[in-house]
Amino acid sequence: YWNDTITFGINADDKHPENWYLYLKLSGGKCIEYKCSENLNKLPESTFLYYGTYSNWIKLIKSQIDPIQGLITGEFHLRGPMMKIMNYTKAAEEMVSTASKIKTEFL
């Protein structure tokens, strides 16, 4: 299980004009705390910051980009210990899979 903190950053681009950040505290396979803000500095500090443009997030949610491949290709960026996050690749895939099931007007 992923027992750590991560913040996802959605960076503005031509399709979405604002930055947004989602902080998650994960424990035992569950999200036990979350916070959302337009300002990264208003969120608790997390071990990881995984960020990319809004358009790339849409591609990720639609399974057009893999979360790890996105780092390798430069479509996404990571702040935090790369070796540690490699232990969580299955959890990252599961989060993307779960997110893709949420109905939204943005997809």
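This note sets out points on the sheet and on helix 1 of a predicted model.

1. Basis. Local features require pLDDT of at least 70 and side-chain atom pairs count only at pLDDT 80 or more, while totals for chains, interfaces and linings use all residues. Residues are numbered from 1 along each chain as its sequence is written, and side-chain values use heavy atoms, with hydrogens and water left out.

2. Sheet. Five strands (DSSP runs of E, at least two residues, numbered from the N terminus) form an open sheet in the order 3-2-1-4-5, with mixed pairing; two strands pair if DSSP finds at least two bridges between them. Strand 3 (30-37) and strand 5 (76-79) are the edges, each pairing on one side only. From one strand to the next, the twist averages 20°; axes are lines fitted to C-alpha atoms, for helices over the stretch in contact, and angles run from 0 to 180 degrees between N-to-C directions.

3. Strands 1 and 2. Strand 1 (residues 4-11) and strand 2 (residues 20-27) run antiparallel and are joined by seven bridges. Within strand 2, Y21 stands opposite G9.

4. Helix 1. Helices are DSSP runs of H or I, at least four residues. Helix 1 (residues 54-61) lies across strand 1, strand 4 (48-53) and strand 5, at about 100° to strand 4. Seven of its eight residues are buried (under 20% relative accessible area, 1.4 Å probe, protein chains only): Y54, S55, N56, W57, I58, L60 and I61.

5. Packing. The buried residues of helix 1 pack against strand 1, strand 4, strand 5, helix 2 (67-73) and helix 4 (89-99), where contact means heavy atoms within 4.5 Å. Just after helix 1, S63 adopts a positive phi of about 65°.

Technical notes: Buried < 20%, exposed > 50% of the residue type's maximum accessible area, 1.4 Å probe, protein only.
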